[in-house]
Amino acid sequence: MSCPDHITPEAYEWAEIFMDAHRGVEDDRELLALAFMELQQKAQPSAVGLTKKQTEALRFIKQYRSNFGVSPTYREIAARFDIHVSGVHDLVKDLRERGCITMMPGRARSIALVGAA
């Protein structure tokens, strides 16, 4: 079986192993839920190595999502930390690279926490 072009070989290999381990699961929703749970456990971010500003920003994003049910905008983060929006871009980029958050491209308020971030 060949790997489709838009899926990395590593992801395809993980999916093959996962499917082999869960052959008895017939419900697609249950299978997807198991996959998400396994990936979430593997992607637990660590606060180790985060700067004070990154830790504060992550805490702010968590609290904002808890209070309002959506993620803050870059402008709201900028206002909270009294920095320029370009600084927020760098801050968010660093949090993404460290595996604490993820985002959906082209969508507003798309910052999502990864694992137990």
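Buried means under 20% relative accessible area, exposed means over 50%, and partly exposed lies in between (1.4 Å probe, protein chains only). The model is predicted: local features need pLDDT of at least 70, side-chain atom pairs count only at pLDDT 80 or more, and totals for chains, interfaces and linings use all residues. Residues are numbered from 1 along each chain as its sequence is written, and side-chain values use heavy atoms, with hydrogens and water left out.

**Exercise 1. Find the salt bridges and classify the exposure of their partners.**

Step 1. Apply the criterion: a side-chain nitrogen of Lys or Arg within 4 Å of a carboxyl oxygen of Asp or Glu. The count comes to 4 salt bridges.

Step 2. Take R23 and D20. Their closest N and O atoms are 2.3 Å apart. R23 is exposed at 62% relative accessible area. D20 is partly exposed at 43%.

Step 3. Take D27 and R29. The closest N and O atoms of this salt bridge are 3.5 Å apart. D27 is partly exposed, with 32% relative accessibility. R29 reaches 65% and counts as exposed.

Step 4. Take K93 and E97. Here the closest N and O atoms are 4.0 Å apart. K93 is partly exposed at 40%, and E97 is exposed at 55%.

**Exercise 2. Why are K93 and E97 separated by about one helical turn?**

Step 1. Set the element rule: helices (H or I, at least four residues) and strands (E, at least two) are DSSP runs, numbered from the N terminus.

Step 2. Place the residues. K93 and E97 are separated by about one turn because they are 4 residues apart in helix α5 (residues 85-97).

**Exercise 3. Find the aromatic pairs and describe those of F60.**

Step 1. Apply the criterion. Rings of Phe, Tyr and Trp (its six-membered ring) pair if their centres lie within 6.5 Å; planes under 30 degrees apart are stacked, over 60 edge-to-face, and the rest tilted. The whole structure holds 3 aromatic pairs.

Step 2. Pair F60 with Y64. The pair is tilted, at 5.8 Å centre to centre and 55° between the planes. Both residues lie in helix α3 (residues 52-68), 4 residues apart. F60 and Y64 are buried.

Step 3. Pair F60 with F81. This pair is edge-to-face: 5.9 Å centre to centre, 85° between the planes. F60 lies in helix α3 and F81 in helix α4 (residues 74-81), so the pair ties together parts 21 residues apart in sequence. Relative accessible area is 17% for F60 and 9% for F81.

Step 4. Assemble the group. F60, Y64, F68 and F81 form one aromatic cluster.

**Exercise 4. Which ring lies under the charged end of R80?**

Step 1. Apply the criterion: NZ of Lys or CZ of Arg within 6 Å of the ring centre and within 35 degrees of the ring normal.

Step 2. Read off the ring. The charged end of R80 sits over F81, 4.6 Å from the ring centre.
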